[in-house]
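User: I am new to this structure and would like a close look at one part of it. Please take the helix that carries a network of salt bridges, and then set it beside the other local features.

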Amino acid sequence: MLNAIKKCWSPGVMGSTLGQRRQVELGNQLGLFGALATFPYQLFYFFYDFDFYRAVFIANLIFVGAYLSVLLLNYLSRYNTAKKLLLVNACIQIFVITWFLSAGAGVHLFYFCLASVLVFLFNNLRLKTYIGLMALFCTLYVTAHFLFSPALAITPVPLPWVNVMYAVSVICVLSLLGGLLYLLRQQIDAAEDELTLNNHYFETLSNTDALTGLPNRRMLDEAFEREWERLTRQPGMLSVIMCDVDHFKQVNDHYGHDGGDRCLQRIATELESLASRTSDLVARYGGEEFAFVLPSTGEQGARYLGEQICEAVRALAIPNPGASSGFITISIGVTSIDVPDGGDIDAKGSARLLKRADEALYQAKTNGRNQVVFLPYLHSYTSTEQ
């Protein structure tokens, strides 16, 4: 039902900002509520004594027509006119109907509703205008409450119906305020969810290499520093693998940059599949270089993974006219640190571990490429035992 009603005004908000759409929806909801809230009073006038209440009945028909015109104006994208009509129509209706029925009917209580929705109905409302409208609502409420007594009513409502009408007014006012607060809570939740998703998206974007989809250098550095910090607090092992695609320049020269990009993407997918543990991290280090951070992994495990990487890249059989084998290969540099019980490492020594892996990679390339070279991390710890 509600979705069907929303479709009536959805064309009027196409292309509008999210804030504008929310204001239009609120204006339409208030217009519908104003028309529906008038309906119980109209039933009373019609069935109780239509001739006596004819004037107030006809006045309400005019006000209901104005409320429904709000939806039409919003449909036509005349948003400011719709909001002003809604506000003016509600103020006049409350005042006029209270004048007809007296304050005993409680219609003037709806001024509290207008005061509560004003700030949400208008965007960028200036403080002076806001204060002026609040003063207007207050003046209208006080005037209606004290000036329109039952003795001065044009078409008074007899007991006990006036009390019933007052109760209906209270119920409608509380229902409207409660409904608005509920919708506001929904909008806040939706905005928070949207903000969380956007933050997650931008965080992922800032930590991901656009070409390969792997974590980028920034995320690698953060993970590496986190694991190094862990080693400063408790014993353990940490290994680093540096990888470099052999003769990659020849791939770009022969197949173009698009061909080189596809080559890197295939290699990245293969490397990612080899990082089997959730704690392992493989990232694009830069250009045709990749790196692994392997917590709780010693020399044997890191060497084994390095050999797997070499074999997996060879198995891809990606053509490379610049290589002696005719296919893409990769060079691997590996290093590890093992901090035993009672050992202590320099909290700022993490850069030396990365440098050692880079030295091992350089040696692998110097030795003829397409191989794994391991170099132990020197001065990995100093004993704290006396």
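Analyst: What follows starts with that helix and then goes through other salt bridges, a surface patch, the cysteines, some backbone features and one residue of the interior. The model is predicted, not determined by experiment.

The part you ask about is helix 7, which covers residues 161-206. Within this helix, Asp189 and Arg185 stand four residues apart, or about one turn. Their side chains form a salt bridge in which the closest N and O atoms are 2.7 Å apart. The pair does not stand alone, since Glu192 is linked with Arg185 and Asp189 in a network of salt bridges. Are the two residues of the pair buried or exposed? Neither extreme applies: Asp189 is partly exposed, with a relative accessible area of 32%, and Arg185 is partly exposed as well, at 41%. Partly exposed here stands for the range between the 20% limit for buried and the 50% limit for exposed.

The start of helix 7 can be approached from the loop before the helix. Pro160 is placed in this loop, which runs between helix 6 (127-147) and helix 7. The peptide bond that leads from Leu159 into Pro160 is cis, with omega near -5°. In general, most peptide bonds are trans, and most residues other than glycine have a negative phi. The cis bond is therefore a feature to look for when tracing the chain from Leu159 to Pro160.

The salt bridges of helix 7 belong to a wider set, as the structure holds 13 salt bridges. One of them joins Arg233 and Glu229, with 3.6 Å from N to O. Both residues lie in helix 8 (residues 217-233), four residues apart, and so they are separated by about one helical turn. In this pair Arg233 is exposed, with a relative accessible area of 59%, whereas Glu229 is partly exposed at 39%. Another salt bridge links Arg54 and Asp51, and the closest N and O atoms there are 2.8 Å apart. Asp51 is exposed, with a relative accessible area of 59%, while Arg54 is partly exposed at 38%.

The surface also has a nonpolar part. Phe39, Leu43, Phe46 and Phe47 form a nonpolar patch there, and together they have about 460 Å² of accessible area. One of these residues, Phe46, is in helix 2 (residues 18-49). Phe46 has a relative accessibility of 45% and counts as partly exposed. A residue must have over 30% relative accessible area to be in such a patch, so Phe46 meets that limit.

Next come the cysteines. A search of the whole structure finds zero disulfides. For Cys138, the nearest cysteine sulfur is that of Cys91, 13 Å away. A disulfide needs two cysteine sulfur atoms within 2.5 Å, so Cys138 is in no disulfide. Cys310 is in no disulfide either, the nearest cysteine sulfur being that of Cys243 at 7.9 Å. The surroundings of Cys138 and Cys310 can be set side by side: Cys138 is partly exposed, with a relative accessible area of 48%, but Cys310 is buried, at 1%.

Two loops hold residues with a positive phi. His247 is a residue other than glycine and has a phi near 50°. His247 is placed in the loop between strand 1 (236-245) and helix 9 (248-274). With 27% relative accessibility, His247 is partly exposed. The other case is Arg369, whose phi is near 65°, again a positive value in a residue other than glycine. Arg369 is found in the loop between helix 11 (350-366) and strand 6 (372-374). Arg369 is partly exposed, at 27% relative accessibility.

The last stop is in helix 9, where Leu271 has its place. Leu271 is buried, with 0% relative accessibility. Which residues does Leu271 touch, not counting residues up to four places away in sequence? They are Val282, Phe290, Phe292 and Ile309. Gln363 is 92 residues from Leu271 in sequence, and their C-alpha atoms are 21 Å apart in space.

To return to your helix: the network there joins Arg185, Asp189 and Glu192, and Arg185 and Asp189 sit about one turn apart in helix 7.

Key: Residues are numbered from 1 along each chain as its sequence is written. This is a predicted model: local features need pLDDT of at least 70, side-chain atom pairs count only at pLDDT 80 or more; totals for chains, interfaces and linings use all residues. Side-chain values use heavy atoms; hydrogens and water are left out. A salt bridge is a side-chain nitrogen of Lys or Arg within 4 Å of a carboxyl oxygen of Asp or Glu. Buried means under 20% relative accessible area, exposed over 50%, partly exposed in between (1.4 Å probe, protein chains only). Patches are made of residues with over 30% relative accessible area and no salt bridge: like charges are joined within 9 Å, nonpolar side chains (Val, Leu, Ile, Met, Phe, Trp, Tyr) within 5 Å. Accessible areas come from the Shrake-Rupley method with a 1.4 Å probe; for residues, only the protein chains shown count as cover. Contact means heavy atoms within 4.5 Å.
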